[in-house]
Structure formats: C-alpha cells, structure tokens
Amino acid sequence: MSRLKKYNLLFLEDNELFAKNMSEFFGEYFKEVFHVTNIKDALKTFQEKNVHTVISDIKVEDGNGLEFVSKVRELDKSTPIVILSAHKDEDFLFKAIPLNLFDYLIKPITYDTLITLLSSIENLLEEMHKE
C-alpha cells in the first residue's frame, strides 16, 4: 500500500485516545493525516487542505458526522468517505445511503478490516488520479 503515501487523509474523530491510535496507524500509510475533532474544523480543513480521503466518526462533539459528509458532498461528489460508527442505528444507515459513502464500518474494527479498507481506497484513488 505504498501508493497511499501520495495521498492525504482527513480524520474526524473526537475520542482523543482512539484518534491518537488511529492517526498513528493511518500515518503509516498516508502522506499526511489531518486529525480534527469537530465538524467546523473538518469543513475548514477539507476546503483548505489537499484532502484525498475522509474517515469520519458518526457522532462528534458538535453534531452528526453525516451532516459533515452532506456538506462535503455539496463541494465534492467523488472523494472517498468512510464512516466509522459504534451505531447500527437504521436511521443513520438510511441517511448515509444517498451520501455516496465508500464504506460504513461498525466499531470495533479489526486490523484486517482496516487493511482491506485501505487497499480498496488505494485502488480507487489510483484509478481516480490516473494521469
């Protein structure tokens, strides 16, 4: 997965311990990981930085991660977005469907699941950014 090192990740997660561990993990694969803890900072980062992939928790300190994804989709229809959630709530799932998510993963997430996810993201990004 060395090809991911060309790409940046925006990671929206407000659980500091989980975010620290995951940011370190993602940092092994992506060029840069922009970790933010709220929707306001996530939107600002998405607009100001060169973001190629988004991974977002569904419940964050200032709202619902799906609200953030909806705003991103108004700006960009193709960036791969993954939701990480501890919730299997049907309401969240139904709201997520029209947002063109790359994946919706339920926590806890295994190492193998993450590696498979990153490999799939890498393949998609390479296809999207062919020159």
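1. A good place to start is Thr53. Leaving aside its neighbours within four places in sequence, this residue is in contact with Asn8, Leu9, Leu10, Phe30, Thr79, Pro80, Ile121 and Leu125. Bear in mind as you look that the model is predicted. Thr53 sits in strand E3, and with a relative accessible area of 0% it is buried. Among its contacts, Asn8, Leu9 and Leu10 are worth keeping in mind, since they come back below with strand E1.

2. Next, strand E3 as a whole, residues 53-57. How many of its residues are buried? Five of the five are, and the strand is mostly covered. Thr53, Ile55 and Asp57 point one way from E3, while Val54 and Ser56 point the other way, and burial holds for all of them. You may like to pause at Asp57 here, a residue that is buried along with the others.

3. Which strands flank E3? One of them is E1 (residues 8-12), which runs parallel to E3 and is joined to it by four bridges. Within this pairing, Leu12 stands opposite Ser56. Another is E6 (residues 81-85), again parallel to E3 and again linked by four bridges. There, Val54 has Ile81 as its bridge partner.

4. Strand E1 deserves a look of its own. It is mostly covered, with five of its five residues buried. Asn8, Leu10 and Leu12 lie on one side and Leu9 and Phe11 on the other, and both faces are covered. Beyond its link to E3, E1 also pairs with strand E2 (residues 32-36): five bridges join the two, and they run parallel. His35 in E2 is the bridge partner of Phe11. Following the pairings, you can step from E2 to E1, from E1 to E3, and from E3 to E6.

5. Val72 gives a view of these strands from a helix. The residue belongs to helix H3 and counts as buried, at 0% relative accessibility. Not counting residues up to four places away in sequence, Val72 touches Leu43, Phe46 and Ile81. Ile81 is the residue of E6 that bridges to Val54. Val72 and Val54 themselves are 18 residues apart in sequence, with their C-alpha atoms 9.5 Å apart in space.

6. Glu74 makes a nice counterpoint in H3, which covers residues 65-75. Is Glu74 buried or exposed? Its relative accessible area is 63%, so Glu74 is exposed, whereas Val72 is buried. From Glu74 to Leu99, the C-alpha to C-alpha distance is 9.8 Å, and the two residues are 25 apart in sequence.

7. Two spots in the backbone would be worth checking by eye. The peptide bond between Lys107 and Pro108 is cis, with omega at about -5°. Pro108 is in the loop that connects strand E7 (103-106) to helix H5 (111-128). The other spot is Asn100, which is not a glycine yet has a positive phi of about 55°. Asn100 lies in the loop between helix H4 (90-96) and E7. It is partly exposed, its relative accessible area being 48%.

8. Stepping back to the chain, there are five helices and seven strands. Their order from the N terminus is β-α-β-α-β-β-β-α-β-α-β-α. The radius of gyration is 14 Å, close to the 14 Å that the globule rule gives for 131 residues, so the chain is as compact as a globular protein of that length. The C-alpha trace spans about 40 × 30 × 25 Å along its principal axes.

9. Some totals help to place the local details. Of the 131 residues, 46% count as buried. Among contacts with a separation of 6 or more, 63% are between residues 24 or more positions apart. Thr53 and Ile121 are one example of a contact from the list in the opening point.

10. Finally, the surface and the charges. The accessible surface comes to about 7,200 Å², and carbon and sulfur atoms contribute 49% of it. How many side chains are positive and how many negative? The chain has 16 positive and 23 negative side chains, and the centres of the two sets are 3 Å apart.

Technical notes:
Residues are numbered from 1 along each chain as its sequence is written. This is a predicted model: local features need pLDDT of at least 70, side-chain atom pairs count only at pLDDT 80 or more; totals for chains, interfaces and linings use all residues. Side-chain values use heavy atoms; hydrogens and water are left out. Buried means under 20% relative accessible area, exposed over 50%, partly exposed in between (1.4 Å probe, protein chains only). Two strands pair if DSSP finds at least two bridges between them. The radius of gyration is taken over C-alpha atoms; the globule rule is 2.2 Å times the number of residues to the power 0.38. Contact means heavy atoms within 4.5 Å. Accessible areas come from the Shrake-Rupley method with a 1.4 Å probe; for residues, only the protein chains shown count as cover. Lys and Arg count as positive and Asp and Glu as negative; His and the chain ends are not counted. The place of a charge is taken as NZ of Lys, CZ of Arg, CG of Asp or CD of Glu.
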